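Biologist: I've got the sequence and the fold up on my screen. Can you talk me through it?

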Amino acid sequence: MGLLSRLRHAFTGEAAQQGPEVNASLTGSWAAFEGSMLRSSSGISVSPDSAMRLSAVYRSATLISGAVSTLPLPVFRRLANGARENAGQTDVWWLLNESPSPGWSAAAWWEYATLSMLLRGDAFARVHVNPLNRPVALEPIDPSDVLVEKAADGTLVYYLNQSGKKSRVPEEYMLHFPMPGFDGLRSPSVIRYAALQTIGTSLRTEEHAARLFETGAANNVVLETAGMLKPEQAAALRDAWVNTYGNAQDPRRVPLLLQGGTKASSLSLTAADAQLLETRRFHVEDIARAFGVPPWMIGAMDKTTSWGSGVEQAGIGFVVYTLNPHLHRIQNELNRKLFRRAGTFVEFAVEGLMQGDLKTQADYFRQALGGSQGPGWMTVNEVRRLKNLPPIPGGDEMYTPTGVLGDSTNAAPATAPGAGP
């Protein structure tokens with residue numbers, strides 16, 4: 001059972017949109033997809049499971065999926081004047097932010113979905129609805145359980161084979177989050193598209209390094225004697241060495257005897273000579289590049305960032321260049337499948353990942369409140385809400401300086417609120 005299969009939780013219950021049984025002729029397609037592995041030029045077969053055993057792949061994938069799982073996903077309504085308002089904790093909000101289905105928290109689902117996208121190319125979640133056709137559950141689906149086909153009218157049809165239980169799901173009842181390279185049916189994963197050879201070579205390098213250090217980095221030993229030994233003396237010397245230091249099953253640990261003053265030069269390369277460490281460093285950088293994360297964010301501390309200095313600039317760069325493309329694809333799919341009317345939509349709140357230190361936040365909030373005698377664009381209670389503080393009386397009034405947008409008698413706040421409740 002694969003990594004993503006082990007993460008999947010069994011979802012029970014039938015949905016109203018359950019289709020007819022799938023034709024038995026499709027069974028072989030699932031079996032072929034489930035057993036497929038990508039073979040690299042190094043001779044190593046690469047799968048999501050084997051790729052995740054590399055620390056660079058694991059950290060890159062979990063860095064992105066973990067960041068997505070921490071983001072709030074509020075529901076908004078668009079007003080007639082073009083503005084938006086928060087729709088509050090609706091039923092859809094609960095599915096996206098708290099629990100999509102029994103046995104799943106929203107954070108676990110978003111991590112699972114993002115890992116599916118990165119490692120398998122696509123993520124799927126079945127939309128279960130009530131008799132009023134409103135979503136009541138979002139069932140995470142293992143990508144290996146899904147076969148996608150295009151119907152005559154151009155819509156997609158999803159055939160599921162979940163532990164032998166087959167079903168047919170129309171497009172409108174299946175959330176399908178693709179990756180770059182989507183061909184209308186499925187998407188290639190990061191592994192297939194950009195990192196296959198690097199991951200395969202890295203796995204081979206790890207195997208070589210493990211064997212190298214298992215037998216000793218300098219694994220050939222030479223014993224020199226000044227004179228000649230009798231055969232039984234030579235055998236006794238070898239046996240004594242192997243019994244003390246060596247391994248009789250590994251010929252590289254049985255010493256070579258040079259008699260009569262014969263000299264030998266080095267018989268093996270060290271890890272540095274073979275540039276093993278340099279190769280492993282390059283693999284970390286190349287894998288990070290494939291996933292779109294800066295190497296220093298996955299622990300390659302010998303690398304620096306060109307995204308500016310400080311936590312704030314690093315967070316902005318990560319959101320803009322790494323997360324935003326994934327978030328945009330997810331938002332598009334949610335908005336077109338979960339909302340049957342225009343004007344209601346979801347959008348990830350990424351501000352938490354881009355906020356700076358306390359001084360930077362205080363300066364920003366001061367400007368937002370009109371602290372420099374300019375028109376404010378936030379109220380005191382809006383700022384307090386961002387800092388998880390309760391509202392205060394009179395905190396919903398926007399500051400407008402006199403003579404800018406009309407007369408105003410409210411005074412500009414001297415400091416940003418939030419020091420206390």
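Modeller: Sure, and keep in mind that this is a predicted model. Let's start with the largest pocket: its lining divides into 16 nonpolar, nine polar and seven charged residues.

Biologist: How many residues line the largest pocket, and which are the closest to its centre?

Modeller: The largest pocket has a volume of about 1200 Å³. It is lined by 32 residues, and A349, E351, G352, M378 and L386 are the closest to its centre.

Biologist: Which helices and strands supply at least two residues each of that lining?

Modeller: Strand β4 (84-86) does, and so do the helices α5 (91-97), α11 (351-354), α12 (358-368) and α13 (380-386).

Biologist: On to the helix pair. What makes α4 oblique to α6?

Modeller: The axes of α4 (residues 55-69) and α6 (residues 106-120) come within 8 Å and cross at roughly 135°. Roughly antiparallel needs an angle over 145, and roughly perpendicular runs from 65 to 115. The crossing angle fits neither, so α4 counts as oblique to α6. The crossing is right-handed.

Biologist: Which residues make the contact?

Modeller: From α4, they include V57, A61, I64 and V68, and from α6, W110, L115, L118 and L119 are among them.

Biologist: How do the residues of that contact divide by type?

Modeller: Nine are nonpolar, five polar and one charged.

Conventions
Residues are numbered from 1 along each chain as its sequence is written. This is a predicted model: local features need pLDDT of at least 70, side-chain atom pairs count only at pLDDT 80 or more; totals for chains, interfaces and linings use all residues. Side-chain values use heavy atoms; hydrogens and water are left out. On a 1 Å grid over the protein atoms alone, a cavity is a set of points where a 1.4 Å probe fits but cannot get out, and a pocket is an open set with protein on both sides within 12 Å along at least five of seven lines; lining residues have an atom within 4 Å of a point. Grid points are joined across faces, edges and corners, and a volume is the space filled by probe spheres set on the points. Helices (H or I, at least four residues) and strands (E, at least two) are DSSP runs, numbered from the N terminus. Ala, Val, Leu, Ile, Met, Phe, Trp, Tyr, Cys and Pro count as nonpolar, Asp, Glu, Lys and Arg as charged, and the others, Gly among them, as polar. Axes are lines fitted to C-alpha atoms, for helices over the stretch in contact, and angles run from 0 to 180 degrees between N-to-C directions. Angles under 35 degrees count as roughly parallel, over 145 as roughly antiparallel, 65 to 115 as roughly perpendicular and the rest as oblique. A crossing is left-handed if the near helix is turned anticlockwise from the far one by less than a right angle, and right-handed if clockwise. Contact means heavy atoms within 4.5 Å.
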